[in-house]
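Got your viewer open and a cursor ready? Let's walk through this model stop by stop, selecting as we go.

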Amino acid sequence: MNLLIVYTHPNHNSLCHAMLEQVQRGIAAHGHTVETRIIDLYADGFNPALVFNEQKRRRDMHLDPELEHYRELVRWADQLVFIYPIWWGRPPAMLLGFFDRMMASGFAYKHRKAGDLMPEGLLKGKSVVCISTMLGPTGYLQYWLGNAHRLLMRRALFNYIGIRKVKFWEFGGMEKTNGRQQQKLERIYRYFRDMKVGYGTQQGASVAGRVEG
């Protein structure tokens, strides 16, 4: 199984980075070894600004040479794990910009015949896990914001590009002293330690590999 982690937080002393470490720890303890790669968008200096003009045409976005390394990693992955904070009810602009630039027609989806409501997703067979932290209570996203975070990520993005298996871990109240942070970290560790290898993967079978940065 090939697993790609997309980490989006500017501070490596953050709880999000501790979550990243627990994902890696869980994978390392897994009964089957999992081949893992990590994209750290802030460390990479990724430019989230989407630009298209006379020189950079929108129809050619899927061929942008600046993004080929990232496209290769996404193609390679059976499962994508996104780790990020929730700011203003949604992921950071850095991660949204990654989606804006990466999920282009010709790479992530293609249009069907005229009149069809939905395009054909080109990233079928993959699965996604979204791990997010936030200051407010977890119920804030569900009840006050009408589940907007999950609707954005699952329906507007991942389902659109063909990914149907999407799991969410939304951890609220994470800046409180009694936020049970260690308990949450252990839950992440146990999930990746015990996850079913092959679930939602393109190969549909476990393969040997190793954890790499």
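Before we click on anything, one term: a residue is buried if its relative accessible area is under 20%, exposed if that is over 50%, and partly exposed in between (1.4 Å probe, protein chains only). What you see is a predicted model, where local features need pLDDT of at least 70, side-chain atom pairs count only at pLDDT 80 or more, and totals for chains, interfaces and linings use all residues. Residues are numbered from 1 along each chain as its sequence is written, and side-chain values use heavy atoms, with hydrogens and water left out.

**Stop 1: the whole chain.** Switch to cartoon view. The protein chain has seven helices and seven strands; helices (H or I, at least four residues) and strands (E, at least two) are DSSP runs, numbered from the N terminus. Follow the ribbon from the N terminus and you pass β-α-β-α-α-β-α-β-β-β-α-α-β-α. Of the 213 residues in the protein chain, 47% are buried.

**Stop 2: the sheet.** Which order do the strands of the open sheet take? Five of them line up as β2-β1-β3-β6-β7, with parallel pairing. β2 and β7 (165-171) stand at the edges with a single partner strand each, so one side of each has no neighbour in the sheet. From one strand to the next, the twist averages 15°. In general, strands of a sheet pair through backbone hydrogen bonds, either parallel or antiparallel.

Now select residues 79-85 and 127-133. These are strands β3 and β6, paired in the parallel sense over seven bridges (strands pair if DSSP finds at least two bridges between them). Leucine 80 has valine 128 in β6 as its bridge partner.

**Stop 3: helices on the sheet.** Add α4, which packs on the sheet and touches β1 (2-7), β2 and β3, its direction making about 145° with that of β3. Next, show residues 181-194: this is helix α7, packed on the sheet and touching β1, β3, β6 and β7, at about 160° to the direction of β7. For these angles, axes are lines fitted to C-alpha atoms, for helices over the stretch in contact, and angles run from 0 to 180 degrees between N-to-C directions.

**Stop 4: salt bridges.** A salt bridge here is a side-chain nitrogen of Lys or Arg within 4 Å of a carboxyl oxygen of Asp or Glu, and the count comes to 13. Show the sticks of Lys56, Asp64, Glu66 and Arg101, which are linked in a network of salt bridges. Aspartate 64 is buried, at 13% relative accessibility, while lysine 56 is partly exposed at 36%. Their closest N and O atoms are 3.5 Å apart. Arginine 101 also forms a salt bridge with aspartate 64, at 3.3 Å. That pair links distant parts of the chain, 37 residues apart: arginine 101 sits in helix α4 (residues 93-102), and aspartate 64 in the loop between α2 (41-44) and α3 (68-76).

Then try glutamate 68 and arginine 75, whose side chains meet at 3.3 Å, N to O. Glutamate 68 is partly exposed at 29%, and arginine 75 is partly exposed at 36%.

**Stop 5: aspartate 40.** Select this residue in strand β2 (residues 35-40). Where is the nearest side chain of opposite charge to aspartate 40? It belongs to arginine 101, 15 Å away, and aspartate 40 is buried yet has no salt bridge. (Lys and Arg count as positive, Asp and Glu as negative; His and the chain ends are not counted.)

Technical notes. Contact = heavy atoms within 4.5 Å.
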